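Reader: Could you walk me through the packing in this one, starting with what you mean by a contact?

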Amino acid sequence: AKGLSDAFFAGNQGVSVAMHITDGNYNISSGYISVQSPVERIEHPYDGLLKVIAHRGFWKSKTAGEAQNSLAALRAAEAASIWGCEVDIWETSDNILLVNHDGAINGAQIEISPYSTFKDHVLANGETIPTFEQYLTVFKNECHNLVLIVEIKPHSGVQKTVSATRAAIDMIRKMGLEDRVEYISFSKVA
């Protein structure tokens, strides 16, 4: 319901966390919060039990323009006071980390194509697809309250997955962001 306040999250162990949610419609069930329409701000007293993570950024916000993994979706997650923002990364054939959920863009496989194939790809909100370096720069300079959850996508081979993992970790270290980033992957070697 629009302007819903004091919504409760019921976890498997009967945990309840009060939240105040403005400007959006929500379904809350079985431990999941499903956004049914754009949200502008979620306020919650963080007590260690609930962490709200914007999956692929807060892309359903008005300001992000429905563009997943966009810089606007990252900024919208920060503006909404969400705890974390998940981002997906792939490594191109010329070793550029690219922010995208799927392994292909317009039929071109990211891991076997050079960055030049994708650099002019326009997202739903008009932004060009960001590199991971561009994404981290915005995160470092503009997002001071978020935790970044980096999903290293499983590439087709072990070497490429390890290369993407090392490149991501090195870039995060060089930017001094180690204490603000967590990692996830469906690969056993990442």
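Author: By contact I mean heavy atoms within 4.5 Å, and please keep in mind that this is a predicted model.

Reader: Fine, so which residues of α2 meet α3?

Author: On the α2 side they are Phe132, Glu133 and Leu136, and these meet Ala168, Met171 and Ile172 in α3. By residue class, the contact of α2 with α3 divides into 5 nonpolar, no polar and 1 charged.

Reader: And at what angle do the axes of α2 and α3 cross?

Author: The axes of helix α2 (residues 132–142) and helix α3 (residues 158–174) cross at roughly 30°, coming within 11 Å of each other. Angles under 35 degrees count as roughly parallel, and α2 and α3 are therefore roughly parallel to each other.

Reader: Is that crossing left-handed or right-handed?

Author: The crossing of α2 and α3 is right-handed.

Reader: Switching topic, which residues touch the most other members of the largest nonpolar core?

Author: That core has 30 residues, and those touching the most other members are Leu74, Ile89, Phe132, Tyr135, Phe139, Leu148 and Val150. At least two residues each come from α1 (71–79), β7 (84–91), β8 (97–99), α2, β11 (147–152) and α3, with α2 giving the most, namely 5 residues.

Reader: What is Leu74 in contact with, leaving aside its neighbours within four places in sequence?

Author: Leu74 is then in contact with Cys85, Tyr135, Val138, Phe139, Cys143, Leu146 and Leu148.

Reader: Which residues does the second core include?

Author: The second core, which is separate and has 10 residues, includes Leu98, Ile105, Phe118 and Leu123.

How values were computed
Residues are numbered from 1 along each chain as its sequence is written. This is a predicted model: local features need pLDDT of at least 70, side-chain atom pairs count only at pLDDT 80 or more; totals for chains, interfaces and linings use all residues. Side-chain values use heavy atoms; hydrogens and water are left out. Axes are lines fitted to C-alpha atoms, for helices over the stretch in contact, and angles run from 0 to 180 degrees between N-to-C directions. Helices (H or I, at least four residues) and strands (E, at least two) are DSSP runs, numbered from the N terminus. Angles under 35 degrees count as roughly parallel, over 145 as roughly antiparallel, 65 to 115 as roughly perpendicular and the rest as oblique. A crossing is left-handed if the near helix is turned anticlockwise from the far one by less than a right angle, and right-handed if clockwise. Ala, Val, Leu, Ile, Met, Phe, Trp, Tyr, Cys and Pro count as nonpolar, Asp, Glu, Lys and Arg as charged, and the others, Gly among them, as polar. A nonpolar core is a set of buried Ala, Val, Leu, Ile, Met, Phe, Trp, Tyr and Cys residues joined through side-chain atoms within 4.5 Å. Buried means under 20% relative accessible area, exposed over 50%, partly exposed in between (1.4 Å probe, protein chains only).
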